[in-house]
Amino acid sequence: MSNPIPTASLRDLAPAALRQTFVKLDPRGLARNPVIFTTAVVALMTTILALRDIASGTIGGWPALHISLWLWLCVLFANFAEALAEGRGKARADTLRATKSKGYVKRLEGPQSAFDVALLTPIDELQAGQFVLVEAGDIIPTDAEAVRGVASVNESAITGESAPVIREAGGDRSSVTGGTTIVSDWLVLRITAEPGKSFMDRMIALVEGAERQKTPNEIALNILLAGLTLIFLFVVVTLPAFASFAGLSIPVVVLGALFVTLIPTTIGGLLSAIGIAGMDRLVKFNVIAKSGRAVEAAGDVDTLLLDKTGTITFGNRMADALIPAPGVDMATLAEAAYLASLADETPEGRSIVEKARALLGREIALPEGSTPVEFTAQTRLSGLDLADGTSLRKGAIDAVVRLTTQIPAPALAQEIDAIARSGGTPLLVSSGYTILGAVHLKDVVKPGVRERFAELRAMGIRTVMITGDNPLTAAAIAAEAGVDDFLAEATPEMKLDLIKREQSGGRLVAMCGDGSNDAPALAQADVGVAMNAGTPAAKEAANLIDLDSDPTKLIEIVMVGKELLISRGSLTTFSIANDVAKYFAILPALFVGAYPGLTVLNIMGLASPNSAILSAVIFNALILIALVPLALRGVKYTPSSAAVLLRRNLLIYGLGGLIVPFIGIKAIDLALVALNLA
Amino acid sequence: MTLISYILYFAVLTALALGLAIWMQRVFEARIPALAWVDRIILRGAGVDPDRQMNWTAYAMAVLAFNLAGFVLLYTLLRLQGYLPLNPDGIGAMSPDLAFNTAISFVTNTNWQAYSGEAQLSYLSQMAGLTVQNFVSAASGMAVGVAVIRGFTGPKDSGLGNFWADMTRATLWILLPLSIALALYLAAQGVPQTLLGAVHTTGLEGAEQIIPRGPAAAQIAIKQLGTNGGGFFGVNSAHPFENPTIASNMAQCLSILLIPVAFCFLFGSMARDRRQGWAIFAAMGIMLLAGVAVIHFYEAAGNPSLGIGANMEGKEARFGAMLSSLWAASTTAASNGSVNAMHDSFMPLSGMVMMVFMQIGEVIFGGVGSGLYGMLLYCIIAVFLAGLMVGRTPEYLGRKIEAREVTLAVVGFLSMPLGILVVGAFASTLPSAVAAIQDPGPHGFSEVLYAYSSATGNNGSAFGGWGASLPWHTTAMGLVMILGRYAMIIPVLAIAGSLSRKTKAQATSGTFPTHGPLFVTLLILTVLILGALTFFPVLALGPIAEETARVAGQSF
């Protein structure tokens, strides 16, 4: 996979992120994140109280200020995490923006207008539906569709692929992307997206986080976190009343510290960073999501529709075996097949040469004085006429039979039938009027595809192969590739029906497509991935666009979607589980004054009430910053069943969340005592 | 011996509940033609079409309207009982605040008793007031429970059922037959069932004695079966007339948990996947067993400062530590609240277990119907976290848990901390409220905490020393009982309504299974961390502080 857009290192991003950390203290921005906003309010309150106590010389002012400092750090760490994630996106966006063209384009009145009447028009004034001429060396101003001409286009700015691709009017290769360059020839384009609304602009907006809307699961999680915050607010504000019954008065600063450590600051602070980083990962895979919702939906996919050609198989039939006719030895057949295919530049011809070379174990050069015979639709044969007059041919069964006026021997005829039954294509090879044997051509399944489907099955995703082949061929390839199901002789309508059928069974369907006739199915699918090389209609209907036009990318998209959810879920569990240890740190510190017996709850053996509270607050802030790399990287998803995943993540983040703070708080307490800070 | 008795109790309970669940499903799905025919006649007579499906708002409105009417009727009855018949002992009107408290208490299936039945209620109030509410408040809970199950498990857009039909069926074919059987059995064991007034007699020591009696057996049967808990006599099932023998004790103890346990299995069979029911049963059962173990441990070990042997203070010698511990755990796990021993006198940590059972929202089997729907709120949160952790939009029984469900579940969760912590904070600081506290120090605090946990959880049991009849508390507790009941019913019905409108997704290996030990563990952790942890600070100030002081040799 190509990666055109360099990832900025943390070292480069840190200074800007640090600045943003403080800019983000703006209450209007903070208010979008209820947990961190609450933390900031508490921090402000405790700071004011601490300063008042210091000014009035009351005991406890300085420790209170110390606590406040760590509360502020908690807020700042959360801001930093978000700024860092955004910074990475911004760096990417800047690289993208550099490729955007400025200046003028040659506008035409209509698709057929003469080129010499082109008007120079500023790019910013272009509107959808207008026509422009682009010639070799021009940068395509914005997304458009070729309506006339053919040209080779360098799309490396978008895809990172340096080999130019052909774009031509009509058909499925008419779509061009803003920011790409015409290498040769010319195209007349119809503008489909106004400058500023092209896919490139969307991508920039997406990675910058400017258009970041919360996804459904993120909204639900935010509500849960806000609810927990409210519950802990009840716990903390009522505590003075209960404590006063025991004759205790608890300083407001300590209540603030308790509150901030109980509310889910860890996940609250990292939530937006996780979301931005998820989008960023997707862009790294060269996929543009039109919305975050689509990425999340990708994680939920149950059924994956994959086109056979290009995704599952190489798309070309390849020689799989040579079968000599009775009485012919393998070397003779292989040599004849080799020579007959030497001048054949098609993938099929080359694959026969490869196969024969492997069988013979040697190379054969084109013999002197021989004449290649090109394939024609009339003869349906190709081959080589040698200098001695021998004509070597290969071709379809009936064509060779007609040429040689021979019928294959019964043993060979049986083999030919077997090839056809298995979904392969048989060819015959002849020398003069003798049939030498058959070549078994078949659709070769890409290496590693079987394993990928096995992974998908482990994830609970069913794969369905879509092919135009007859059911026999389709079944053979389906079995070989290990897909769960196939749709043979598929038409666009059948695809659409299949999607609807799957959806009515409560399954989420993902598919990729490129042609205009895929558009309805792409729109119907829950996750539709359009190939960048595809038509504008397909790209408009899809909710994700793969810039590399690689259909297997769907699998990566699913993984990114899942990682996004897993990261949120795991860190939430971790954050909530942390509360147990924090209670055990702070509660004995609060209550031993009234009930000395409650020291039994101080199971960590923290040095003093003061150091206990401070340790909990410091742990709370440090754990947030410590988890930033995890939030940006995402919790790794390894394809396995939900039960296995849950057991693993529950063990790491649930049990870990219970245990880690006990160790961490104790360690901080020891450090504080050693440093004489509490 | 003790262990065998416990095992036997839980085995019999499970077996009976499994059988009852099958019956309940037939009743609620109107699959027994003869019964359905009777229902139809009664409901048609009342102008109700039993086949008309309600959406969640209609269902909730019906529950609220029905319970409001029940409240008005009961309040009026309590205020006017002095002028009404069936009052052989000539008991006068109940005070307005106490009547408010009592009416709310019985309508919400709490059965908190700030009064003493034999002194402040006429037979008419007991029978036509309290016993009627014992039936219909239980039936309301069961109806909501079934509606919620339908929403979670039924086909898309199939509605939540019909409240009037569900309520009628629950009363006629589940509560009534079981109550008749239990009442007859209790009467056979010696529980009085008479309309004659109190017995005036001269005791052995020559003093004039008044021995109250009345139509007790019938009320006791439904008080247990309907997780009501409001006894006929003030001291509830510790009274020899309410609970005369070991056999009557076991029969009552079984009936406390019978219907709530059956609801777990009903959930499984209505979901067409019994494992779902067993998972919830297992989560609840494990927590109950853990609670029983703690209570039994502390009660059997006794209080060293009072001498050797089990802690027998406040317990009937007939029942001893084991039967009292079992009852205490069952009655607080289920939102029953009847007692056969004085909870105030249990060891501090035993008391804490009971409080935790109530504070988590009465979801360990809980009230009839309400225990299950309360637990389903926890299921939603557990499934939400689990779903995210496996990388899918969370699903429960094939239905996606989204922002709306999470919001509603969070709203449901707010009622317990609001009622216990926020109102409890006032109750333990305002001078007019603090006067109710009998004992000093942490034990006194536990009394307040227990009372508000009991009221918000709709349990109804109490730490007896506490003065529940102060007007401040009768009013405040009436309000938190409403909060604990309806701030749960409305959101949970809304969730059911919202889920029933969603397409059921088919389970794949990418779907997290909501049965099996992993989910049970997760659910228990969710209950403990989300439910119980909220109350850790107050528990530290109450029972935990008392226990640590007791260990140090100080008592309260």
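Hi everyone, let me begin with a term: on a 1 Å grid over the protein atoms alone, a cavity is a set of points where a 1.4 Å probe fits but cannot get out, and its lining residues have an atom within 4 Å of a point. Before we use that, two notes on what you are looking at. This is a predicted model, where local features need pLDDT of at least 70 and side-chain atom pairs count only at pLDDT 80 or more, while totals for chains, interfaces and linings use all residues. Residues are numbered from 1 along each chain as its sequence is written, chains are lettered from A and ligands numbered from 1 in the order in which they are written, and side-chain values use heavy atoms, with hydrogens and water left out.

Now to the cavities. The count comes to 8 cavities of 30 Å³ or more; here grid points are joined across faces, edges and corners, and a volume is the space filled by probe spheres set on the points. The second largest has a volume of about 120 Å³. Its lining is made of 13 residues, and Gly361(B), Ser370(B), Gly457(B), Asn458(B) and Gly484(B) lie nearest its centre. Two elements of chain B, α13 and α17 (471-500), each give two or more residues to this lining. (Helices are DSSP runs of H or I with at least four residues, strands are runs of E with at least two, and both are numbered from the N terminus.) By class, this lining splits into 3 nonpolar, 8 polar and 2 charged residues. For these classes, Ala, Val, Leu, Ile, Met, Phe, Trp, Tyr, Cys and Pro count as nonpolar, Asp, Glu, Lys and Arg as charged, and the others, Gly among them, as polar.

And the largest cavity? It holds about 160 Å³ of space. Among its 18 lining residues, Ile231(A), Tyr378(B), Phe413(B), Leu530(B) and Gly531(B) lie nearest the centre. Its lining has 12 nonpolar, 6 polar and no charged residues. Helix α14(B) gives the most to it, with 5 residues.

Let's move to where the chains meet. How many residues does each chain bring to the contact? Chain B brings 58 and chain A brings 62, with contact meaning heavy atoms within 4.5 Å. Together the two chains bury about 5000 Å², 78% of it on carbon and sulfur atoms. Buried area is the accessible area (1.4 Å probe) that two parts lose on being put together, summed over both. Leu388(B), Met389(B) and Leu541(B) supply 14% of the area that chain B buries against chain A, more than any other three residues.

Next, charges. Side chains of opposite charge can pair when their charged atoms come close. A salt bridge here is a side-chain nitrogen of Lys or Arg within 4 Å of a carboxyl oxygen of Asp or Glu. Across the interface of chain B and chain A there is 1 salt bridge, and Arg392(B) and Asp302(A) meet in a salt bridge at 3.1 Å, N to O.

Over all chains, the whole structure has 40 salt bridges. In one of them, the side chains of Asp484(A) and Arg457(A) meet at 2.8 Å, N to O. Asp484(A) sits in the loop between α16 (471-481) and β18 (485-487) of chain A and Arg457(A) in helix α15 (residues 449-458) of chain A, so the pair ties together parts that are 27 residues apart in sequence.

Thanks for listening!

Definitions and conventions
1 Å grid on protein atoms, 1.4 Å probe; cavity = no way out; pocket = protein on both sides within 12 Å on 5 of 7 lines; lining within 4 Å.
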